[in-house]
Amino acid sequence: MNNGAVPACRVRRCNDRPLNANGEFVLYWMIANRRPHWNFALDRAIEHAVGLSKPIIVLEPLRVDYPWASDRLHRFVMDGMLEHARHFRGTKVRYYPYVEPSPGAGAGLLSALADRACIVITDEFPAFFLPKMVASASKHVNCGMEQVDSNGLLPIHKTDRAFGTAHAFRRFLQQELPRCLAVFPRAMPLAHADLPIHGGLPADIVERWPLADPEWLDQSRHAERTLPIDHGVSAVQDQGGFEQAERHALNFLSRRLHSYAEERHHPDSDASSKLSPWLHFGHISTHFIFSELAADAGWDSAQLSNKPTGARSGWWHMDENREAFLDQIVTWRELGFNMCAQRDDFDSYQSLPAWALRTLGEHARDKRPYIASYEQLERGQTPDGLWNAAQTQLRKEGRIHNYLRMLWGKKILEWSESPEEALKAMIELNNKYAVDGRDPNSYSGIFWVLGRYDRPWGPERPIFGKIRYMTSGSARRKLQLEDYLSRYGSD
């Protein structure tokens, strides 16, 4: 796991414009890897800056018109911006946080900075509106532009196909990952970088697009309430930012990982990592988490099995808790990134496997025991107390316990007039309320409900057909739920 140059397979050109050696600085447009540590995109910006003897400007913007913009999502990003303002203040990097005050107010900022830049570096994230935003921006900057993949242990362009099962993807990972573990992003990329200091941000640009003041960003975590976004989805207790993310990760590794394999499915134990919000916003790197986990285990890559069987355990040669966690944060998480990177229609009903489309279609007109309106789903007002509790947790805390998230989706399928309507409701509720929504992992979970990454199951049932079936009654029998239902509501 030696630090080195950014692997070429993680870097993609966004346009055909040349690097401008006469520019004033290297511009890092931070839009997904929102962290100053363990970040290949920042490493790439430093490579260019050192080679050109130019300073670096880090532009981290936050627009107000993105889909599902709310106090909840804005606050999480703004927490991170506040941490960045403090962190970069003691470095040679000029940090430019910009929070758009009204729709369209930030238009032109990137282009204005790019006019003075040698090159623009940005993050590659294969979901939500970011791919289209980057593609559009690349046409309007007057210098070369690169996007860098710092999403996971496996570069998302290591393969040119979308995998249909976790087993197939896991086997591919076991073949390819050993070579990828040789190069990690730098833990502290600015610590030893020989960079010149920029004299100051362009005054005319800053006057038109003012920096977000740290005191305003703080504002007792209420500054977002002044912006034209959805104030009905309130901020959650958890705070965003790379420092918070690393603190939560270390806490999980030291206090809850030891019981992960056995207890993570039980809501009362709540043994899951709960790191997905910080992973989604790029506040923490899988490389950091893996590095800490491996170091604590005294592990190195020589212990990897040389047999890529696709099995869930045994390949890493770690204990069952670490292997169970790695299967989630590496296999399942990066499987979602694979789908989004390889298929533009990853969020479309028609992207489901053929067998799932067929069986859902055959049962699309089956009589439903109950039809829940979107409003009833959103408010958690259904006849199922356990489902209501899960929806209450999502609405209030921005998350659902991992196991109950699967049940949550299965019941929406059962209560919707069609599977297409079920998909629409799941995406809307998840992306609106979940802090980790709008993410490749979110789409994996939602589409798994409808058969993606799964296989046909018997016996064939009404509504579900051959789609895997789940019930609240079964969950109540298998899971420890007393504390959970007491906290979020019960029958």
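**Pocket and cavity chat**

Me: How much space lies in the second largest pocket?
Reply: About 790 Å³. A pocket here is an open set of points on a 1 Å grid over the protein atoms alone, with protein on both sides within 12 Å along at least five of seven lines. The volume is the space filled by probe spheres set on the points, which are joined across faces, edges and corners.

Me: Is this predicted, and how are things numbered and filtered?
Reply: It's a predicted model, where local features need pLDDT of at least 70, side-chain atom pairs count only at pLDDT 80 or more, and totals for chains, interfaces and linings use all residues. Residues are numbered from 1 along each chain as its sequence is written, and side-chain values use heavy atoms, with hydrogens and water left out.

Me: Which residues lie nearest the centre of that second largest pocket?
Reply: Trp29, Pro61, Arg63, Phe129 and Met133, out of 32 lining residues (lining means an atom within 4 Å of a point).

Me: And which helix gives the largest share of the lining?
Reply: Helix 4, with four residues. Helix 4 spans 130–138 (helices are DSSP runs of H or I, at least four residues, numbered from the N terminus).

Me: Switching topic: how many cavities of 30 Å³ or more are there?
Reply: Three. A cavity is a set of points where a 1.4 Å probe fits but cannot get out.

Me: What's the volume of the largest cavity?
Reply: About 100 Å³. Its lining has 13 residues, including Arg170 and Trp315, and helix 12 supplies five of them, the largest share.

Terms used
Helices (H or I, at least four residues) and strands (E, at least two) are DSSP runs, numbered from the N terminus.
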